[in-house]
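Here are some friendly notes to read with the structure open beside you. Take the points one at a time, and find each residue on screen before you move on.

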Amino acid sequence: MGIKHIPEELKENIKKISFDIKDDVINWRRHIHMYPELSGQEQKTAKFVAQKLREIGVDEVIENFGGTTAVVGLIKGKHDITVALRADMDALPMIEKIDVPYRSRHEGVMHSCGHDAHTAILLGAAKVLVQMKNHLMGNVKLIFQPCEERHDCDGAKKLIEAGVLENPEVSAIFGIHMFPELPAGKVGTKPGHFMASSDIFRVVIKGKGSHASRPHLGVDPVVIAAQTITSLHHIVSRKVDPLHPAVLTVGKIEGGYAENIIPDEVKFSGTVRTLSLELRDEIPKWMEHTIWGITLAYGGAYKFEYEHGTPPVINDEKTTKFALGMMRDLLGEENVVELENPSMGGEDFGEYLLKVPGTFIRLGIRNEEKGITAPLHSPVFDIDEDALPIGVAVMSYLAFKWVEEHS
Ligand code: NI
């Protein structure tokens with residue numbers, strides 16, 4: 001082919017193709033946006049993705065990977081080194097409140113976290129990489145994942161258990177997410193702690209019901225629950241190192257029948273977020289000590305359930321240094337932000353990072369002039385589609401250069 005192995009030329013070519021296919025990527029994004037599907041039900045989206053991957057000419061396309069709705073593609077390069085790129089496909093149960101031509105046609109379901117765009121960007125990257133295949137030094141695995149938004153259907157975890165990071169073995173993984181805090185045209189990431197773990201707990205405090213006027217004859221679970229909830233909040237302020245962020249929130253409480261009855265039980269539940277794996281292990285132990293101690297003091301009993309959701313997203317130092325360098329090279333120093341702070345939001349991309357080194361990247365999509373400023377998960381969330389080719393170029397370039405440098 002006409003292209004020689006001059007890095008500058010390859011880079012410009014990746015950029016050019018990414019912008020040449022902008023309309024395709026926008027159309028794919030809008031199609032997926034119009035027909036959003038909830039976590040675990042991404043059948044039509046998956047069919048669409050598989051069909052596009054075949055049209056694009058990806059070497060292998062596996063549908064229903066691991067018995068889920070995941071689609072996994074493989075573009076084969078010259079050498080035996082493999083990098084993975086990941087997108088998520090699911091939408092959220094909410095009513096879209098903006099009037100755009102590509103508004104959701106599935107009432108009550110909306111792509112308000114931008115997973116439609118992640119999917120379209122990864123399809124775009126597939127198209128770029130297939131066109132650059134003669135120069136591709138290794139394999140690129142394309143992971144279209146279901147179930148990112150819900151704890152109970154384990155999107156990333158199920159795929160990992162089904163061997164998505166093996167055969168061929170993945171040496172690094174990159175993912176990208178819409179980020180309304182950054183203007184369109186910019187990208188950002190940081191090494192190390194990036195996003196929080198997201199776990200759930202449920203507590204039942206058991207007492208002994210009695211008449212409200214004779215509390216000494218019962219064991220009041222309302223008082224025990226009140227003391228316990230107050231004390232649980234002291235875990236973050238008194239037990240956790242102030243330099244290590246953590247959140248413990250009790251979001252729900254229920255119990256009781258009437259003003260003049262001491263009930264027999266009170267239930268409450270909440271979430272715990274941490275940036276480190278160590279703290280994630282410690283907090284449930286401190287919680288149980290607290291619940292046990294207070295319940296014992298009042299003569300009640302308890303049930304404590306702690307459910308692990310997604311682990312923290314911890315960006316690998318090496319892949320992140322590589323990604324920041326490559327993105328500066330591709331987009332210019334001024335368009336790449338090394339983010340200062342992690343976020344306490346959760347993302348199951350962290351599951352992959354427990355197994356292979358990788359980096360999660362934030363793509364700027366904000367545009368004040370176009371009125372695009374809504375946060376993720378908002379009913380009026382939208383993106384500046386001018387950011388899509390930038391996402392495509394970043395994902396393609398990172399994959400292309402990773403296998404080139406490690407083959
Ligand atoms: Ni998301």
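**Notes on the strands, the metal site and the cavity**

1. Let's begin with a single pair: Arg-86 stands opposite Gly-175, which belongs to strand S5. Please keep in mind throughout that this is a predicted model. The pair fits into a wider pattern, since strand S3 (residues 82-88) and S5 pair in the parallel sense, with four bridges between them.

2. Stay with S5 for a moment. Which strand is joined to S5 by eight bridges? It is S16 (residues 358-366), and the two run parallel. To find this pairing on screen, look for Phe-174, which stands opposite Thr-359 in S16. S5 itself covers residues 172-183 and is mostly covered, with 10 of its 12 residues buried.

3. Now turn to strand S2 (residues 70-75), where six of six residues are buried. Try colouring its two sides separately. Ala-70, Val-72 and Leu-74 lie on one side, Val-71, Gly-73 and Ile-75 lie on the other, and both faces are covered.

4. What are the pairing partners of S2? One of them is strand S1 (residues 60-65), which runs antiparallel to S2 and is joined to it by five bridges. Within this pairing, Val-61 has Gly-73 of S2 as its bridge partner. S1 and S2 form a hairpin with four residues between them, and Gly-66 in the turn has a positive phi of about 60°.

5. S2 also pairs with strand S4 (residues 139-145), again through five bridges and in the antiparallel sense. Here the bridge partner of Val-72 is Ile-143 in S4. Val-72 is a handy residue to click on, as it is also one of the buried residues of S2.

6. Next comes the metal. Which protein residues are donors to the nickel ion? They are Cys-113 through SG, His-115 through NE2 and His-177 through NE2, at 2.2 to 2.3 Å from the ion. Along the chain, the donors follow the spacing C-x1-H-x61-H.

7. Are Cys-113 and His-115 buried or exposed? Both are buried. For Cys-113 you can follow the reasoning yourself: its relative accessibility is 8%, so it counts as buried, the cut-off being under 20%.

8. A different pair of cysteines deserves a look too. A disulfide is a covalent bond between the sulfur atoms of two cysteines. A search of the whole structure finds one, and it joins Cys-147 to Cys-153 with an S to S distance of 2.0 Å. Why is this disulfide called left-handed? The torsion about the S-S bond of Cys-147 and Cys-153 is about -115°, so the disulfide is left-handed. Both of these cysteines are buried.

9. Finally, look for empty space inside the protein. There is one cavity of 30 Å³ or more, and the largest cavity holds about 80 Å³ of space. Helix H5 (155-161) and strand S13 (301-310) are the elements that give two or more residues to its lining. H5 gives the most, with three residues.

10. Which residues line this cavity? Among them are Glu-148, Arg-150, His-151, Asp-348 and Glu-351. Cys-147 is in the lining as well, so do look back at the disulfide, where Cys-147 is joined to Cys-153. By class, the lining has two nonpolar, four polar and six charged residues.

Technical notes. Residues numbered from 1 in each chain as written. Predicted model: local features only at pLDDT ≥ 70, side-chain atom pairs only at ≥ 80, totals over all residues. Heavy atoms only, no water. Donors = N, O, S within 2.8 Å, 3.2 Å for Na, K, Ca; no water. Buried < 20%, exposed > 50% of the residue type's maximum accessible area, 1.4 Å probe, protein only. Disulfide = S-S within 2.5 Å. 1 Å grid on protein atoms, 1.4 Å probe; cavity = no way out; pocket = protein on both sides within 12 Å on 5 of 7 lines; lining within 4 Å. Points joined across faces, edges and corners; volume = space filled by probe spheres on them. Nonpolar A, V, L, I, M, F, W, Y, C, P; charged D, E, K, R; others polar. Pairing = 2+ DSSP bridges.
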